[in-house]
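Work through the following exercises with the sequence and the model side by side, trying each task before reading its solution.

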Amino acid sequence: MDGQLVPWREAQVHVLTHTLHYGLGCFEGVRAYHTPNGPCVFRLHEHTQRLFNSAHILGLTIPYSAEELNQAQVEVFKANELDEGYLRPMVFLGSEAMGLRAQGLRVRVSIASWPWPDYMDADAREKGIKVRTSSYTRHHVNITMCKAKSNGNYINSILALHEALDSGCDEALLLDNEGYVAEGSGENIFLVKDGELHTPELTSCLAGITRDTVFALAAELGLNIRERRITRDEVYIADEAFFTGTAAEVLPIQSLDGRTIGSGMRGPVTHQLQSAYFDQVRGKRNSFPEWHTPV
């Protein structure tokens, strides 16, 4: 908390903390994995850069350098004596004043770490998950700042996910304001059709770091990726579909709106990318050593 290691239960903020009331803040979700060289944080520098980008978009000045925050995340992970786990750095505004002007407020930074083995049931990596198209629209690019991973933006995602869970599904698919596929509640989406990968353009979507990782792995595997507008019914008739995200990792989609996608199980291209991804994050590949920060 603000540059000091403190016990979990003492990491507290005041009830009038500005970000609690208005949602103006930003955060990252970062994972560290066990590798042959010990625990390594995966793509730490890219996550921290996106945190700084988000803060800049929101008009917040982080009172630390990127290197200081990188080191702080390593120290927090180490202090929790984890072999694998999740890191959550957050930039938020203090309790010095209230109101939409958001003036005279201290910019604060917290970093927490805890074990988080699987975002979904472990079987979902093979069997896939059930998804429904949400009645909630993904933010339009001129309604809020979609390139910022900001706290308040996730109200949209929570509503969409709860709607999906209440209907018996595992995840939601949000469309943009023109009705084209955008992303999941916290993931980017890919389709496979005739051996080629398709994914929405980054308009109202967050620029996912796992998405970028899949781009690099796909290039190594000789898979072509097309970024383009995708309609909901194209997902129904795809050969395969999967979500990507730091929490979700590479997660097959079994069905959308009750329509089975492909075989209804993890497809061969998804399996190939999923295997490459887990080999990469666990240090079993020689490619991209710069993605791994030892703890």
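**Exercise 1. Find the residues that form a negative surface patch, and place one of them in its helix.**

Step 1. The negative patch on the surface is made up of D121, D123, E126 and D170. In this exercise Lys and Arg count as positive and Asp and Glu as negative, while His and the chain ends are not counted. Patch residues have over 30% relative accessible area and no salt bridge, with like charges joined within 9 Å and nonpolar side chains (Val, Leu, Ile, Met, Phe, Trp, Tyr) within 5 Å; the place of a charge is NZ of Lys, CZ of Arg, CG of Asp or CD of Glu.

Step 2. The model is a predicted one, in which local features need pLDDT of at least 70 and side-chain atom pairs count only at pLDDT 80 or more, whereas totals for chains, interfaces and linings use all residues. Residues are numbered from 1 along each chain as its sequence is written, and side-chain values use heavy atoms, with hydrogens and water left out.

Step 3. E126 belongs to helix α4, residues 124-127; helices (H or I, at least four residues) and strands (E, at least two) are DSSP runs numbered from the N terminus. E126 counts as partly exposed because its relative accessibility is 43%, where buried means under 20% relative accessible area, exposed over 50%, and partly exposed in between (1.4 Å probe, protein chains only).

**Exercise 2. Describe the nonpolar surface patch and the setting of its tyrosine.**

Step 1. The nonpolar patch on the surface consists of V15, L16, L20, Y22, M98 and L100, which together have about 630 Å² of accessible area. Such areas come from the Shrake-Rupley method with a 1.4 Å probe, and for residues only the protein chains shown count as cover.

Step 2. Y22 sits in helix α1, residues 18-22, and is partly exposed because its relative accessible area is 39%.

**Exercise 3. Analyse three salt bridges and one network, stating how covered the partners are where this is known.**

Step 1. The whole structure contains 16 salt bridges, each being a side-chain nitrogen of Lys or Arg within 4 Å of a carboxyl oxygen of Asp or Glu.

Step 2. One of them joins the side chains of E249 and R31, at 3.8 Å from N to O. This pair links distant parts of the chain, since E249 is in strand β13 (residues 249-256) and R31 is in strand β2 (residues 30-35), 218 residues apart. E249 is buried because its relative accessibility is 2%, and R31 is buried with a relative accessible area of 5%.

Step 3. The side chains of R43 and D212 also form a salt bridge, at 2.9 Å from N to O. This pair, too, links distant parts of the chain, with R43 in the loop between β3 (38-42) and α2 (44-58) and D212 in helix α6, 169 residues apart. R43 is buried, with a relative accessible area of 6%, whereas D212 is partly exposed, with 39%.

Step 4. R228 and E234 meet through their side chains in a salt bridge of 2.6 Å, N to O; R228 counts as buried at 19% relative accessibility, and E234 counts as partly exposed at 25%.

Step 5. Finally, a network of salt bridges links D2, R106 and R108.

**Exercise 4. Check the span of helix α6, list its buried residues, and see what follows it.**

Step 1. Helix α6, residues 209-220, has 12 residues and reaches 17 Å from its first C-alpha to its last, close to the 16 Å expected at 1.5 Å a residue. The expected span is 1.5 Å times one less than the number of residues in the helix.

Step 2. The buried residues of α6 are I209, T210, R211, T213, V214, A216, L217 and A218.

Step 3. G222, whose phi is positive and near 75 degrees, follows α6.

**Exercise 5. Locate two residues that have a positive phi without being glycine.**

Step 1. E81 is not a glycine, yet has a positive phi of about 55 degrees. E81 is placed in the loop between α3 (66-79) and β4 (85-93), and is exposed, with a relative accessible area of 73%.

Step 2. A102, likewise not a glycine, has a positive phi of about 50 degrees. A102 is found in the loop between β4 and β5 (107-114), and counts as partly exposed at 27% relative accessibility.
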